Structure formats: structure tokens, C-alpha cells
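A colleague new to this entry asked for a short set of remarks to read beside the model. The points are meant to be checked against the sequence and the view.

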Number of protein chains: 2
Amino acid sequence: MEANYTVSIVDKKKSRLKRGILKEMYRLGSRTLAQLAKALHASVPSVTMLIDELATEHWVQEIGTGAAQYGRKPALFGLRPGNQAIVVVDISVHDVKLVVFDLTNRVLDRLDVNLRLEDSVAFLESLKGPLEEISHRIREHNLNIIGVGCALPGLVDPRTGINYTYKKLNRPEQSLQQLLAHCFDSPVYLINDTKATILGEHRFGLAKGKNHVLSINIDWGVGLGVINNGEILQGLAGFAGELGHIQLQADGELCSCGKVGCLDTLTSASSLVRRVKAGLREGRVSKLAEENFEDIDVELVIDKAKAGDELAIDLLNEVGGELGKGLSIAVHLFNPELIIVNGVVAKAERLITRPIEQAIDKYCLADFRNKLVITVSRLGEMAKLYGTQAYVVQSLLEHEEIP
Amino acid sequence: MEANYTVSIVDKKKSRLKRGILKEMYRLGSRTLAQLAKALHASVPSVTMLIDELATEHWVQEIGTGAAQYGRKPALFGLRPGNQAIVVVDISVHDVKLVVFDLTNRVLDRLDVNLRLEDSVAFLESLKGPLEEISHRIREHNLNIIGVGCALPGLVDPRTGINYTYKKLNRPEQSLQQLLAHCFDSPVYLINDTKATILGEHRFGLAKGKNHVLSINIDWGVGLGVINNGEILQGLAGFAGELGHIQLQADGELCSCGKVGCLDTLTSASSLVRRVKAGLREGRVSKLAEENFEDIDVELVIDKAKAGDELAIDLLNEVGGELGKGLSIAVHLFNPELIIVNGVVAKAERLITRPIEQAIDKYCLADFRNKLVITVSRLGEMAKLYGTQAYVVQSLLEHEEIP
DNA sequence: TGATATTTTTAAAATAATTTATTAATAGAA
DNA sequence: TTCTATTAATAAATTATTTTAAAAATATCA
């Protein structure tokens with residue numbers, strides 16, 4: 001067992017207050033002594049002392065003076081940039097991104113890896129090289145890694161790090177979590193990609209300050225992220241928000257999950273491409289007919305739709321309509337104030353939000369849609385990266401790992 | 001504006017700690033000094049002093065000695081019974097119950113009123129008499145009312161007290177909230193009945209200690225209550241969990257909400273009775289055919305089903321199956337560990353949980369149902385009452401109203 | 001039954017925090 | 001520019017809280 005080290009109450013309180021200061025600064029950027037004192041329910045002299053300590057420990061620094069409409073201007077304190085590093089590993093079906101952040105959301109380093117996620121041992125093996133490279137680069141720059149976050153698709157239990165969809169990532173001899181922990185010698189936090197995305201939107205994007213938000217990620221499948229009361233909805237094992245496999249058509253297509261008529265089969269990016277190709281085969285008129293059949297992908301369909309192509313617009317409408325129908329259920333269950341559309345299909349902007357809005361108008365009770373706003377993400381791919389980083393920082397500060 | 005009373009930091013801290021003690025005691029019954037000190041991150045002498053103060057203020061008292069496997073036995077402290085009172089007003093479609101609780105969950109007084117909730121001004125007028133009677137009785141017993149809670153059906157915004165379904169309860173001249181506040185001269189908290197029910201189950205029923213729970217209330221309509229991370233899921237305006245009006249059948253029956261094929265039309269208690277009557281009209285064999293057609297209600301159908309009546313069992317199966325289908329969606333979205341069945345139909349026990357389980361097995365991904373338990377409430381009608389009371393206590397302690 | 005180890009509780013000492021008072025800084029008015 | 005009102009930061013005084021130490025209580029074991 002552990003050594004029965006007795007940490008004094010005073011030390012614990014101090015540590016809690018310090019983490020509180022870091023949390024405030026992480027969330028709000030710069031803060032004055034008075035603001036911190038109010039937020040932490042402590043006196044200004046106490047906060048002054050804590051800030052001094054955090055400054056000598058290289059966590060915070062004075063970063064200017066704040067505004068005041070009268071009287072002396074307060075000093076502003078903030079997190080010290082470029083010192084502590086967080087490694088974000090973004091694993092998607094197409095590729096892997098390795099991004100190093102500091103605590104002020106600055107990208108210190110980045111390495112994009114052309115590696116496809118398959119449920120195989122080879123994937124982890126191929127990941128080792130790039131991980132070691134970035135780890136080496138971090139060490140060269142004398143950065144102190146405080147945590148590692150990994151966003152990945154599938155059913156991910158954040159408590160255990162087990163991925164129930166890509167089972168090969170959990171092998172006891174060498175799991176993804178172990179690999180990352182070993183490589184960076186820091187605490188590792190795994191999170192589902194859609195949940196990372198909405199967390200990013202909530203902390204740094206359009207959802208900032210909103211406490212009840214949905215984010216819909218349209219990519220290979222459909223992922224729903226939920227912010228409830230300002231926090232990610234995880235459920236018992238981190239599976240919450242699985243909208244893709246609810247049944248919308250009793251006599252629908254067979255889904256990869258083994259069930260029939262799942263939302264995924266109707267509204268994912270891949271289903272959009274399938275619909276387009278089927279339309280072309282039926283001989284429908286479209287600029288897309290001029291393209292090489294094999295080259296038709298989501299981006300192309302969306303481009304043509306934006307250029308006014310009727311087939312593409314019609315099918316985006318269809319997909320958006322089905323999606324809106326599924327989302328109406330989520331609206332009834334979560335009562336959000338905002339829905340953000342993410343993923344490749346988000347590039348279609350109005351062409352996808354409008355049919356979603358229409359479906360929600362049709363299928364939702366008026367009281368649910370009155371104050372509801374539907375919009376397209378402005379952060380793009382950064383949402384997921386920021387969100388993963390935010391998840392790491394939040395977890396570290398909550399689990400008393402730092403400072 | 002308000003007087004600029006400066007409350008000292010020390011006083012605020014003390015008040016927070018005192019509320020913390022009351023919270024702990026409310027949740028866990030009796031507590032020792034050491035347990036409280038640990039929970040509050042304070043020293044034992046500090047807690048001793050606070051307990052002394054709370055004792056002289058009549059909030060807590062020593063209630064015995066605890067167990068110890070070795071050494072001196074600790075003194076147990078708990079909330080003082082029969083002193084502070086909470087009034088719970090339970091408004092349902094059938095009747096109104098007025099129940100007075102103390103902080104230890106004891107029923108100090110109770111008045112059942114035969115009054116049907118209609119969206120009319122008359123309802124509030126008729127409520128005045130009983131309210132004044134119970135208020136009078138409380139005063140006679142020298143009880144100190146610290147808060148009033150009201151559970152009621154419909155879309156209820158707990159922040160404003162507005163009921164969006166029963167609009168006549170919000171008249172600016174005389175709203176339900178105003179009426180209660182005026183009658184008992186205390187803070188009033190309104191909450192949706194289904195949410196009160198699951199809160200009761202979570203604090204004092206089968207969901208105690210479980211952090212991710214659904215409760216399904218089958219009555220006139222179908223209500224879903226959600227506990228996420230140990231707290232009620234409210235959403236932006238308290239509308240979250242509206243499962244009754246998601247569309248299950250595109251070509252279904254017209255619902256009272258104006259939409260078509262809502263879950264409510266398929267699985268509510270009233271729909272069960274409709275199904276039974278339709279079956280009898282079709283000439284299906286059943287013990288129920290011997291009953292007076294007008295007298296057939298849910299309770300009777302369930303009784304006959306328990307006695308083995310085939311028609312009743314079949315139709316409970318049908319209703320349970322539809323309900324399970326709807327619940328599967330909720331399971332995918334909330335990832336719960338437990339589902340509790342409440343309301344009249346809960347009396348059918350296995351006859352309703354079994355078809356629900358079957359549907360969930362059919363429509364849910366395996367990872368979602370592996371650890372999922374479905375059960376029938378043991379608290380019955382008390383769940384809602386306890387839950388409303390818990391909501392009041394929690395709100396009071398959070399909003400710094402007491403002590 | 002008495003000694004011992006263990007745990008709770010209380011009392012006194014030591015430490016830490018807040019309060020109050022003072023000084024510093026700044027915008028606006030004279 | 002100088003003065004005044006206002007706000008921020010620091011220093012000294014005061015008050016709270018924790019720590020340490022001692023006393024009280026109790027189950028186990030010899």
C-alpha cells in the first residue's frame with residue numbers, strides 16, 4: 001500500500017486554492033487579485049501570497065494592468081506561456097495528429113501522421129515512431145509535460161481508458177493508454193472524439209458561456225456531444241450521446257453495428273456520398289456526373305451544392321432532414337439552447353443547417369425550439385484539439401495532480 | 001438597490017461550512033465529527049465548534065454513539081427532528097397532497113385534497129382553503145417553515161416557476177408560486193413531477209448511490225426523469241427528459257400535443273386502457289369482459305393481468321415493448337446503470353419490466369445494456385414527495401438561505 | 001481483571017488567515 | 001497642474017484555525 005504520508009489540512013487547502021487560481025486563469029485568461037479573491041472566497045492578501053508562490057514555481061506571471069474606470073489600475077495575472085506542455089493525440093479514422101499545447105492554448109509543436117485507425121495491433125506499432133519523435137522534440141525544447149490527452153472515436157470509458165469499439169487498443173501487453181503514459185511519462189486521459197469537440201466549442205468556441213449545448217459531428221458516422229450544466233455528459237461508462245445507433249427506420253438498411261435502420265445509415269457523410277452515387281446511377285442531372293465516379297467524395301458534393309447543383313442540394317436536404325428528425329429527439333431529451341454542427345458536412349453551412357432547422361420545427365414542441373439556435377462551428381478541426389487539451393487540464397486540476 | 005452590507009469572509013466561510021454540515025447530515029443521516037471534518041476539509045476542533053453553534057441554533061443534536069472496532073466510540077450527530085418544517089405540495093392530474101416534512105424525512109402532517117388540476121383559475125382558488133388550513137395547523141404546532149416545494153406536471157421552469165403546459169398557473173395577478181409564497185411566507189421551489197420522483201429515488205430509494213439513472217413514470221402520459229452525475233438533468237429551462245413527445249410512428253395517432261405518433265399515444269396508462277377496450281370490442285376473450293365497460297381502468301387491467309388474463313398480459317406486453325423501444329433511445333443517449341419504473345403501471349411489476357427488458361435487448365447496443373438493471377420502484381407515491389422535499393432542502397442549502 | 005493499543009475528545013500552543021489601517025496609483029474636476 | 005475621489009496593493013494588528021499535546025474512553029489480549 002501507499003506510505004501513510006499525512007498531508008496537513010493547511011497544505012491541502014493551499015493546494016486547492018492554487019488549483020482554483022489556475023482553473024480561473026485557464027478558463028478566463030487574465031485575472032486580477034480581487035477577482036481571484038472573490039472567486040476563491042479568500043482575502044486579497046492570501047491570494048497575493050498564493051500568486052507569489054505560483055510565480056516562483058513558474059506557473060503564473062503578471063501579464064499587464066487591467067482597466068478601471070476610476071482609481072488605481074489592477075495588475076493582471078495569467079498563466080505563464082510556453083513552460084508547461086500538454087500533448088494532444090488526435091486519432092481519427094483518416095489520420096493522427098500530435099499537437100503540443102501550452103496552458104495558454106498556444107500550439108508549441110505539431111506533427112501530422114498519415115496513419116489510418118484500424119482495429120489492429122499494427123496501428124499502435126506504427127504510432128510509436130511519431131510519438132517518440134514528438135517526445136524527443138519536446139525534450140529538446142526543455143518543456144515540462146504535465147499531461148497527455150487522446151481523442152479517439154468509439155465507445156471510450158474515460159475511467160479505464162478502454163475503447164469498446166476498437167478493442168485492439170486495449171491489449172494488456174500494450175494498450176494505447178500504456179503506450180502514451182510510457183512515452184511521455186505523464187498522466188494520460190482518453191476521451192471520445194465527439195465529446196472532445198463539444199468541450200472545445202464550450203471552452204473556446206461558439207458555446208462559450210452557454211450551459212446546455214449539443215454538438216453534432218457528421219463524418220463517417222454521426223456523433224452527438226452534450227454539454228449539460230457546463231460539463232460534458234458522459235453517462236456511466238462514457239457512452240452517453242450515442243445518437244448514431246438509434247433506430248429511425250424499422251425497415252431500413254443494415255448498419256455496421258448489426259442493427260437495422262440506424263441514424264448512421266441515413267445521415268452520415270458516407271451515406272450522403274452513397275445517395276449521390278445512387279442518384280447519378282439513376283441518371284439524375286448533375287454537374288457531378290462530369291466527375292470521375294470514384295473521385296466523388298463529401299467535399300466535392302458540398303462544393304457542387306454550394307455552386308448550386310440541384311442533386312447535391314436535394315440530397316443535403318434529405319440528409320439534413322433525417323438528421324434533424326434524430327436531433328429533435330435529443331432536443332426533447334436535453335433541452336439545449338444551442339446546437340453546433342461540426343465535421344466535414346459542416347462546410348455546407350446553411351445548406352445543412354436549414355433542413356435541420358426545418359425538421360426541428362416540424363418534430364419539436366414549440367417551447368423547446370423557441371430559444372434554440374442552430375449554427376455551424378467556427379473552430380473547425382481545432383475544436384477537438386482544444387477540447388482534448390481542456391479535458392486534460394480540467395482532469396489534472398480536479399485530480400490534484402498539479403501543481 | 002440593496003443595502004451594501006459587507007459580510008466578512010470569515011462569516012461567509014463559516015456559513016458555507018455550516019451548510020456543508022447540514023448537507024452531509026441530510027444526505028447521510030448521522031455523522032461523526034471526524035467524518036464531517038474530512039468531508040469539509042476542516043479540522044476536528046473547527047467542526048466541533050460549528051456543531052456546537054448549530055446545536056444552540058436547534059439545527060442539529062447528538063443522536064447516539066457510533067461503532068468503532070477499537071478505541072473510543074465517536075459521538076454521532078444528526079439533524080434535529082420535528083423542528084424545522086418543509087411543506088410539500090404534490091399536484092397531480094387526479095388530486096393534490098399537502099405534506100409537511102421535517103429535515104429527517106418524517107411526515108409531521110398531511111392533508112389530501114380531492115381537487116383535479118385543470119388549466120383554470122378556479123383550481124388556484126380551490127387550493128387556497130386547504131393551503132390555509134395546513135398553514136394554520138403548522139403554526140399551531142409551533143413549527144418553523146423553512147421552505148415550500150411543489151411538484152407538478154407539465155413543462156416547469158424551476159428558475160422562474162413558470163409552467164408552460166398549465167398556463168393559468170402563471171397569471172401575474174395570482175400565480176401558483178406567489179400563492180404558496182404568500183401562504184407560507186417562505187421560499188418556494190417548483191419542480192416537474194417526474195424530476196421530483198427520480199430525485200426521491202436517488203436520495204432515498206433504489207437509485208441511492210447510483211449516479212446515472214433513468215426513471216420512467218407511466219401515468220396519463222409518459223415522463224422520463226434523468227439523474228446524471230448524481231443530479232437531476234434539467235436542461236436550459238427545465239424541460240429536459242421529455243420522452244413522451246418523440247415520434248415513434250410516422251403514421252400514428254394524433255397526440256394531444258398536436259403532433260403525430262408520439263410515444264405518449266402508444267404507451268401511457270390511458271393508452272393501455274384504450275387498447276383493452278378496443279380488444280374487448282373486437283370480441284377478444286378476457287375476464288375483463290365480465291366487468292362494467294365504464295369501470296375498466298389501469299388498476300383493474302393490471303389486477304387481471306396478474307391473475308393471468310391473456311388479453312391484459314398481451315397488451316401490457318405491447319405497451320412495454322413500445323416503451324422499451326423509446327427507452328432504448330434514452331439508454332443510448334444517457335448511458336444509465338439503472339432504470340426505475342414508477343407510476344400506476346409499475347404495479348404490474350415483472351409484467352411490465354420484462355417486455356421493456358426485451359425491447360432494450362433488441363434495440364440497444366450490447367455495451368449499453370450489459371450492466372443495465374431495470375426494476376420497479378419500492379417507494380411508490382413517496383418517491384415524489386421525498387424528492388420534492390429533497391429538492392427544497394438542496395436548493396435552500398445551495399442558495400445560502402439557511403441557516 | 002488489568003494492561004495496552006487505539007480512537008475520540010478537549011485544551012493549549014503555534015500557525016495562518018483575515019481585518020484594519022496605511023500607502024500607492026490613477027481618472028476626473030477645479 | 002493640483003486636488004479629490006476612487007481603487008489597488010501592502011503592512012501591521014487582530015482574529016481564526018490548525019497543530020500538537022494531553023486526557024478520556026473502550027475493545028482486545030494476556
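The numbered points below take up the DNA contacts and then the strands of chain B.

1. The structure is a predicted model, and the remarks that follow should be read with that in mind. The surroundings of DNA strand C are a convenient place to begin: 23 residues surround this strand, and the closest are Ser43(A), Ser46(A), Ile9(B), Tyr70(B) and Ala75(B). Of the atoms of DNA strand C that come within 4 Å of the protein, sugar and phosphate account for 80%.

2. Helix H3 (44-56) of chain A and helix H1 (9-28) of chain B each supply at least two residues of the surface near DNA strand C. By residue class, this surface near the strand divides into eleven nonpolar, seven polar and five charged residues.

3. Some individual side chains deserve a look in the viewer. An N or O atom in the side chain of Ser43(A) is 2.5 Å from a phosphate oxygen of DNA strand C, and an N or O atom in the side chain of Lys13(B) is 2.8 Å from a phosphate oxygen of that strand. For Arg72(B), the partner of the side-chain N or O atom is a base oxygen of DNA strand C, at 2.9 Å.

4. Turning to chain B, strand E7 (residues 144-152) is mostly covered, with eight of its nine residues buried. Strand E4 (residues 84-91) of chain B runs parallel to E7(B) and is joined to it by seven bridges, with Val89(B) standing opposite Cys150(B). Strand E8 (residues 188-192) of chain B also runs parallel to E7(B), here through five bridges, and Gly149(B) stands opposite Tyr189(B).

5. Chain B also contains an open sheet of five strands, in the order E11-E10-E9-E12-E13, whose pairing is mixed. Strand E11 (231-232) and strand E13 (373-376) of chain B are the edge strands, each of which pairs on one side only. Between strand E10 (residues 222-228) of chain B and E11(B) there are two bridges in the antiparallel sense, and Ile227(B) has Ile232(B) in E11(B) as its bridge partner.

6. What packs on this sheet, and which strands does it touch? Helix H11 (residues 350-363) of chain B packs there, touching strand E9 (212-218), strand E12 (338-342) and E13 of chain B. The direction of helix H11 of chain B makes about 160 degrees with that of E13(B).

How values were computed:
Residues are numbered from 1 along each chain as its sequence is written. Chains are lettered from A and ligands numbered from 1 in the order in which they are written. This is a predicted model: local features need pLDDT of at least 70, side-chain atom pairs count only at pLDDT 80 or more; totals for chains, interfaces and linings use all residues. Side-chain values use heavy atoms; hydrogens and water are left out. A residue is near a molecule or strand if one of its heavy atoms lies within 4 Å of it. A polar contact is a pair of N or O atoms within 3.5 Å; within protein, one must be able to donate a hydrogen and the other to accept it, and residues adjacent in sequence count only if both atoms are side-chain atoms. Helices (H or I, at least four residues) and strands (E, at least two) are DSSP runs, numbered from the N terminus. Ala, Val, Leu, Ile, Met, Phe, Trp, Tyr, Cys and Pro count as nonpolar, Asp, Glu, Lys and Arg as charged, and the others, Gly among them, as polar. Two strands pair if DSSP finds at least two bridges between them. Contact means heavy atoms within 4.5 Å. Axes are lines fitted to C-alpha atoms, for helices over the stretch in contact, and angles run from 0 to 180 degrees between N-to-C directions. Buried means under 20% relative accessible area, exposed over 50%, partly exposed in between (1.4 Å probe, protein chains only).
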